[in-house]
Amino acid sequence: MAGGNERSMKALKEVWKRAENSSCADCGKPDPDWASSTLGVFICLSCSGIHRNIPSISKVKSLKMDYWDDAQVQFLAKHGNAVTKAIYEAHIPIYYYQPTYNDCQVLREQWIRAKYERKEFTEPGKQLPYSDGVKEGILWKRGRDSGQFLPRKFLLSEREGCLKYFTKQDAKEPKINVKIDVINATFQPEKIGNPNGLQITYLKDNKTRNIFVYHESGKEVVDWFNAIRSVQFHYLKVAFPIASDNEIKNRLTRNFLKEGYMEKTGPKQREAFKKRWFTLDHRRLMYFKDPLDAFAKGEVFVGSGENGYSVQKGLPSGTQGNFSWHYGITIVTPDREYLFTCETESDQLEWIRAFTSVISQAMTPQEYAIEAYFKFKS
């Protein structure tokens, strides 16, 4: 018996060492140490917890701590991540968001359930709840002034190229009507205080407006998210006919590069530093009094290094404004310097890395137009 167990463990390690099995089949995290004995995939600890909640589909075991018999090892050897992905990920729509280990629980869980439980991607041309160009339903929306979440009817239309919401079910006119090409959507469970919290942002008069929503069903809110991406994709295919599918895919919804509290001072650099919530959405650095504010109190355009933008660690010598946090950052633009302070050194370094990643990229023609607007406004 001991010899059989030793033989099984040796065979298991051989399968485990294959290059295809070196990252989690579901989120891509390196060095997975769990596997599904019924699906044949190697997965990380976090994804194994999601699999465990679908026991009719997946039985998970630790590769290090659990016993694997010969039949189970042979099943893993026949399958593995490459074979199983070829089955369950055969026909993923180009616009569908495939989460990574950095994404929130609801995105990862619905991705796993979509693959293995609902088998959404096993057949070509399958009708999916986010693929027909229109979606209508109720989302709980946070009131701009009251802060209360109330049910609101939302309508997404590819034919009209817009997203609307109505304050009442029978309302004839929408409260907002937003063109699909100015919308972004990103999951914000911690900020919103709900595991299915979704932040929808859009540009209005070149200013960013935030809407915070959730749905009790994780599937429903992820379907809304992918429906927005689907409508955006088809809209952009028409608007940019020579662009490749991957180029368009990269222009769909995006996560913010960095969010968190910093202190800031005014343009004279003698005012007291005030604590604000900051969001870096590519080249737009927005600051809010509260993380759930509908509108930013101000925005800073972060251009490229070749156009005179840079980020520096620390504050200029002789800075006079009072500040309680001591890890400074200076953003240098062609027109002025912006001064911020962070609570911890790790926050400071993370913000500097985020700013550096933006500044190191060349600007697009559209971004030159945005920069011109910011200069005109100031």
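The UniProt record, in an unreviewed entry, places an Arf-GAP domain at residues 6-129; positions from UniProt follow the numbering used here, feature names are shortened, and annotations may be inferred rather than shown by experiment. The model is a predicted one, in which local features need pLDDT of at least 70 and side-chain atom pairs count only at pLDDT 80 or more, while totals for chains, interfaces and linings use all residues. Residues are numbered from 1 along each chain as its sequence is written, and side-chain values use heavy atoms, with hydrogens and water left out.

Residues 6-129 are 40% helix and 6% strand, and the C-alpha atoms at the two ends of this span are 48 Å apart. Helices (H or I, at least four residues) and strands (E, at least two) are DSSP runs, numbered from the N terminus. Helix H3 (residues 70-78) is capped at its N-terminal end by Asp69, with a side-chain oxygen 3.2 Å from the backbone nitrogen of Ala71. This is a polar contact, that is, a pair of N or O atoms within 3.5 Å; within protein, one must be able to donate a hydrogen and the other to accept it, and residues adjacent in sequence count only if both atoms are side-chain atoms. Just after H3 comes Gly80, with a positive phi of about 80°.

Leu128 sits in the loop that joins helix H5 (105-117) to strand S4 (134-142). Is Leu128 buried or exposed? Leu128 counts as buried because its relative accessibility is 6%, where buried means under 20% relative accessible area, exposed over 50%, and partly exposed in between (1.4 Å probe, protein chains only). Apart from neighbours within four places in sequence, Leu128 is in contact (heavy atoms within 4.5 Å) with Pro93 and Glu120.

The record, again in an unreviewed entry, also lists a PH domain that covers residues 132-233 and 255-360. Residues 132-233 are 20% helix and 46% strand, with end C-alpha atoms 12 Å apart. For residues 255-360 the shares are 14% helix and 38% strand, and the end C-alpha atoms lie 19 Å apart.

One open sheet has seven strands in the order S7-S6-S5-S4-S10-S9-S8, with antiparallel pairing. Strand S7 (176-179) and strand S8 (183-187) are at the edges; each has a single partner strand, so one side of each is left without a neighbour in the sheet. From one strand to the next, the twist averages 35°. Two strands pair if DSSP finds at least two bridges between them; strand S9 (residues 198-204) and strand S10 (residues 207-214) pair in the antiparallel sense over seven bridges. Within this pair, Thr201 has Asn210 in S10 as its bridge partner.

Two packed helices are described by the angle between their axes and the distance between the axes. H5 packs against helix H7 (residues 218-239) at an angle of about 90°, with the axes 10 Å apart. Axes are lines fitted to C-alpha atoms, for helices over the stretch in contact, and angles run from 0 to 180 degrees between N-to-C directions. H5 and H7 are therefore roughly perpendicular to each other; angles under 35 degrees count as roughly parallel, over 145 as roughly antiparallel, 65 to 115 as roughly perpendicular and the rest as oblique. Val106, Leu107 and Gln110 of H5 make the contact with Gly218, Lys219, Val221, Val222 and Phe225 of H7.

Another open sheet of seven strands runs in the order S14-S13-S12-S11-S17-S16-S15, again with antiparallel pairing. Its edge strands are S14 (298-301) and S15 (310-313), each pairing on one side only. Strand S12 (residues 274-281) and strand S13 (residues 284-288) pair over five bridges, with Phe278 opposite Tyr287 and Trp277 opposite Phe288. The two strands form a hairpin with two residues between them, and His282 in the turn has a positive phi of about 55°. On the other pairing, S13 joins S14 over four bridges, where Met286 has Glu299 as its bridge partner.

How many residues of S13 are buried? Five of the five are, so S13 is largely enclosed by the rest of the structure. In a regular strand the side chains alternate between the two faces of the sheet. In S13 both faces are covered, with Arg284, Met286 and Phe288 buried on one side and Leu285 and Tyr287 on the other.

Arg283 lies in the loop between S12 and S13 and counts as buried at 3% relative accessibility. A polar atom of the Arg283 side chain is 2.7 Å from the backbone oxygen of Gln361, and the side chain also reaches the backbone oxygen of Ala362 at 3.3 Å.
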